[in-house]
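Reader: I have the sequence and the model open side by side, and I would like to know what stands behind the labels. Could you take me through the reasoning?

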Amino acid sequence: MAENRDRKGANDDADEIDRVLAHANPNPRRVGCLSRDVLVSLAARQQPLNAPGYEHLLECSECYREFRVLQGDEPIDS
Amino acid sequence: MEHLRTIGLLDSDGQPFHPRIERVLIQLLPRLRREFPSLQDEVGLAEIMEEAGRRIRHRERRGPIERLHGYAWVTVRSIATSRMRLGSSKLHQKTLDSDAGNARLLATPTSRGTAADVEQAVLLRELLQTLSREERMICLWKKAGFSSQEIALNQRRTVVAIDTIFSRAKQKIRKALGVEDATDGQARHSC
């Protein structure tokens, strides 16, 4: 139960962290971007925390936005 | 103009007009193009001239027109004005050529890649860089849905330490973005 609350509290709503990660690193040419399969597995937490895909999400706002959408969140516009 | 000279103007029976009428109409063609620049279709121009020729011929059945050039121009202008009111001409008037279209596209505001977007990205990237790598990763893992316990286990830290790092990272971001910190207490409890 506490575990569920912990997860929900951290990732359910678009917040300041989303705003930063979704716009800080534009990568319009999609250089080095993750495949959809990898994004899906990251969004489903099927990969370990040390998976290199998470590093990429910190460097690519396009992938981060896709990742958040795949988690079932609303698209991040602002 | 060369086109009309070559094919000639025909009346409704397919017969050429009297050379005097045809000559006057062809002389008026440059003026028609100049005063009605949106009428660029050669066929459309020929139709205007032929309609004018028919009206002139009809009028001349009552007797010769004294000032044919002036009469012909008034007739041509009247027909051209009527054509301009037709739907197809209105569409043509509202259609830009490629140069004008490109100019319009360049001037059209876009919601992506604007100067404001670039400026925002620079500011947010600077803000992100004020966080340590550990703070950035913990924020991301949290957004990915990992619990503090899972992160603590992976990082060989305590849950309290992870929560503290996460809370401080969020405070830094909120402060930099100028967001009110009213929910900070809640955030700490929920972490």
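Reader: Which exposed residues does helix 4 of chain B carry on the face turned away from its buried side?

Author: That face of helix 4 of chain B carries Gly70(B), Val74(B), Thr81(B) and Ser82(B). The label "exposed" is given when 12 or fewer other C-beta atoms lie within 10 Å of a residue's own. Please keep in mind throughout that this is a predicted model.

Reader: And which residues of helix 4 of chain B are buried?

Author: They are Ala72(B), Thr75(B), Val76(B) and Ala80(B). To be called buried, a residue needs 20 or more other C-beta atoms within 10 Å.

Reader: What makes you say that the buried residues of helix 4 of chain B line one face?

Author: Look down the axis of helix 4 of chain B: the buried residues fall within an arc of 130°, so they line one face of the helix. A general point helps here: an α-helix has 3.6 residues a turn, so residues three or four places apart point the same way.

Reader: What do the buried residues of helix 4 of chain B pack against?

Author: Their partners are helix 2 (19-35) and helix 3 (42-60) of chain B.

Reader: How do you know that the length of helix 4 of chain B agrees with what is expected?

Author: Helix 4 of chain B, residues 68-84, has 17 residues, and at 1.5 Å a residue it should span 24 Å. Its end C-alpha atoms are 24 Å apart, so the two values agree. Helix 3 of chain B, with 19 residues, reaches 27 Å from its first C-alpha to its last, close to the 27 Å expected.

Reader: Which residues of helix 3 of chain B are buried?

Author: The buried residues of that helix are Leu45(B), Ile48(B), Met49(B), Glu50(B), Glu51(B), Ala52(B), Gly53(B) and Ile56(B).

Reader: Why is Glu134(B) called partly exposed?

Author: Glu134(B) has 13 other C-beta atoms within 10 Å. Exposed would require 12 or fewer and buried 20 or more, so Glu134(B), with its 13, is partly exposed. This residue lies in helix 8 of chain B. Its C-alpha atom is separated by 9.7 Å from that of Ala169(B), 35 residues apart along the chain.

Reader: What does helix 8 of chain B give to the side that touches chain A?

Author: Helix 8 of chain B gives seven residues, the largest share of that side. In total, 26 residues of chain B are in contact with 22 residues of chain A. The elements that give two or more residues to this side of chain B are helix 7 (115-129), helix 8 (133-144), helix 9 (148-155) and helix 10 (159-177) of chain B. By class, the side has 14 nonpolar, six polar and six charged residues. For the complex, the predictor gives an ipTM of 0.83 and a pTM of 0.52.

Reader: Turning to chain A, why is Arg30(A) called exposed, and why is Arg45(A) called partly exposed?

Author: Arg30(A) has 10 other C-beta atoms within 10 Å. The limit for exposed is 12 or fewer, so Arg30(A) is exposed. Arg45(A) has 16 such atoms. That count falls between the limits of 12 and 20, so Arg45(A) is partly exposed.

Reader: What is phi in Arg30(A), and where does the residue lie?

Author: Phi of Arg30(A) is near 55°, a positive value in a residue other than glycine. Arg30(A) sits in the loop between helix 2 (16-23) and helix 3 (36-43) of chain A. Phi of Arg45(A) is also near 55°, and this residue is found in the loop between helix 3 and helix 4 of chain A.

Reader: How many helices and strands does chain A have?

Author: Chain A comes to five helices and zero strands, and buried residues make up 29% of its 78 residues. Chain B has eleven helices and zero strands, with 23% of its 191 residues counted as buried.

Reader: Where is confidence lowest in chain A, and where in chain B?

Author: In chain A it is lowest in helix 1 (residues 2-11), at a mean pLDDT of 48. In chain B it is lowest in helix 11 (residues 184-190), at a mean of 45. Where pLDDT is low, the predicted coordinates should not be read in detail.

Note on methods:
Residues are numbered from 1 along each chain as its sequence is written. Chains are lettered from A and ligands numbered from 1 in the order in which they are written. This is a predicted model: local features need pLDDT of at least 70, side-chain atom pairs count only at pLDDT 80 or more; totals for chains, interfaces and linings use all residues. Two residues are in contact if their C-beta atoms, placed from the backbone, lie within 7 Å. Helices (H or I, at least four residues) and strands (E, at least two) are DSSP runs, numbered from the N terminus. Ala, Val, Leu, Ile, Met, Phe, Trp, Tyr, Cys and Pro count as nonpolar, Asp, Glu, Lys and Arg as charged, and the others, Gly among them, as polar. pLDDT is the predictor's confidence in each residue, from 0 to 100. The expected span of a helix is 1.5 Å times one less than its number of residues. The arc is that of the directions from the helix axis to the C-beta atoms.
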